[in-house]
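Here are a few exercises to work through with the model open on your screen. Try each task before you read its solution.

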Amino acid sequence: MKHTFSFRLTAEDFDVQGNLIPRQVLNIFQKAADSHAILLGVDHDVVVTHHLLWVVTQTRYQVISLPKPDETLTITTWPTPPNRLGSKREYLIQNENNEILIKGSSNWVLMDMESRRLASFADIFPENSFVDESVFSEKAPRLRNFETDNQPYTLCPDESTIDVNGHVNNTFYADFALSALGDFNGIISTLQIDYLHEVLCHEPLTLYHKIEEKTAFIKGLSADNTLMFTCTVNVK
């Protein structure tokens, strides 16, 4: 039950260093997941009839080789067998020569719309929907909190960042994290975001970061100092 489709990049999808903009990577992942969910009959419009929502709890990707503007690529995605904490969805972005350029993985859970508690995958997915294959050989560790003396950066998400679930879409967290880094730059090799709590429209976020050689750590705190998300970015 793998799902593949083609897409084309433009110059606007890249930053000045040649990176495919991280939010665009996550957008591509999300479009692939949404498209496949429709084919499987487990898309947003279906799960809300069960009073459930899809929520991403973690996402990461690794850049093997940089894609280029105006290049036609394919993305292949599939869900892995679920456990009590949800299911992983895997992603492979390849060029026309079938060379892997980017590989990624995200953890998805079903959440009850009212209680915001995790719900079971039972009776939602059709049989034989899952593929027991992972793009990464190792499990992604949860990113830990950290202390830093660096100057914090504050922002307030607006309506343009909100998705159908009424909270900030997971792709915008990449923008938030990178906006806090200032002069830290380079060719991105890996990026990981752990989503801990829902960030809502017009609720201020204070971002803190620290840099260790070629790795940046970022965290976002709410107005009451709740840790909302963590992120790590590695550059070459």
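**Exercise 1. Work out which strands β2 pairs with, and how β2 runs relative to each of them.**

Keep in mind that you're looking at a predicted model.

Step 1: Start with β5, residues 100–112. It is joined to β2 by 11 bridges, and the two strands run antiparallel. To find your bearings, pick T59, which stands opposite S106 in β5.

Step 2: Now try β8, residues 188–195. Here 5 bridges make the link to β2, again with an antiparallel run. Q58 is a handy marker, with D194 as its bridge partner in β8.

Step 3: Check how covered β2 is. The strand spans residues 52–63, and 11 of its 12 residues are buried.

A general point to keep in mind here: along a regular strand, side chains alternate between the two faces of the sheet.

**Exercise 2. Find the largest cavity and say what lines it.**

Step 1: Count the cavities of 30 Å³ or more; there are 2. The largest has a volume of about 60 Å³.

Step 2: List its lining: L26, F29, Q30, V56, T59, Y91, S106, W108 and N170. The elements giving two or more residues to this lining are α1 (22–40), β2 and β5. The largest share, 3 residues, comes from α1. You've already met T59 and S106 as residues that stand opposite each other, and both are in this lining.

Step 3: Sort the lining by character. You should get 5 nonpolar and 4 polar residues, with no charged ones.

**Exercise 3. Do the sorting again for the second largest cavity.**

Step 1: This cavity has a volume of about 50 Å³.

Step 2: Its lining is made of N19, L20, V25, Y61, V63, L66, I102 and I188.

Step 3: The split is 7 nonpolar to 1 polar, and no charged residue takes part.

**Exercise 4. Look at D70 and H202: what is the sign of phi in each, and where do they sit?**

Step 1: As background, most residues other than glycine have a negative phi.

Step 2: D70 isn't a glycine, yet its phi is positive, near 65 degrees. You'll find D70 in the loop between β2 and β3 (72–79).

Step 3: H202 isn't a glycine either, and it has a positive phi of about 65 degrees. Its place is in the loop between β8 and β9 (205–212). With a relative accessible area of 46%, H202 counts as partly exposed.

**Exercise 5. Decide whether S222 is buried or exposed, and name its contacts further along the sequence.**

Step 1: Locate S222 in the loop between β10 (215–221) and β11 (227–235).

Step 2: Its relative accessibility is 13%, so S222 counts as buried; the cut-off for that is under 20%.

Step 3: Leave out neighbours within four places in sequence, and S222 is in contact with P204, L205 and M228.

**Exercise 6. Put together a picture of the whole chain: what is its secondary structure, and what does its radius of gyration say?**

Step 1: Count 3 helices and 11 strands. Read along the sequence, the pattern is β-α-α-β-β-β-β-β-β-α-β-β-β-β.

Step 2: Compare the radius of gyration with the value for a compact globule. For 236 residues that would be near 18 Å, and the chain has 18 Å, so the two agree.

Step 3: Finish with burial, which covers 49% of the 236 residues.

Notes: Residues are numbered from 1 along each chain as its sequence is written. This is a predicted model: local features need pLDDT of at least 70, side-chain atom pairs count only at pLDDT 80 or more; totals for chains, interfaces and linings use all residues. Side-chain values use heavy atoms; hydrogens and water are left out. Helices (H or I, at least four residues) and strands (E, at least two) are DSSP runs, numbered from the N terminus. Buried means under 20% relative accessible area, exposed over 50%, partly exposed in between (1.4 Å probe, protein chains only). Contact means heavy atoms within 4.5 Å. Two strands pair if DSSP finds at least two bridges between them. On a 1 Å grid over the protein atoms alone, a cavity is a set of points where a 1.4 Å probe fits but cannot get out, and a pocket is an open set with protein on both sides within 12 Å along at least five of seven lines; lining residues have an atom within 4 Å of a point. Grid points are joined across faces, edges and corners, and a volume is the space filled by probe spheres set on the points. Ala, Val, Leu, Ile, Met, Phe, Trp, Tyr, Cys and Pro count as nonpolar, Asp, Glu, Lys and Arg as charged, and the others, Gly among them, as polar. The radius of gyration is taken over C-alpha atoms; the globule rule is 2.2 Å times the number of residues to the power 0.38.
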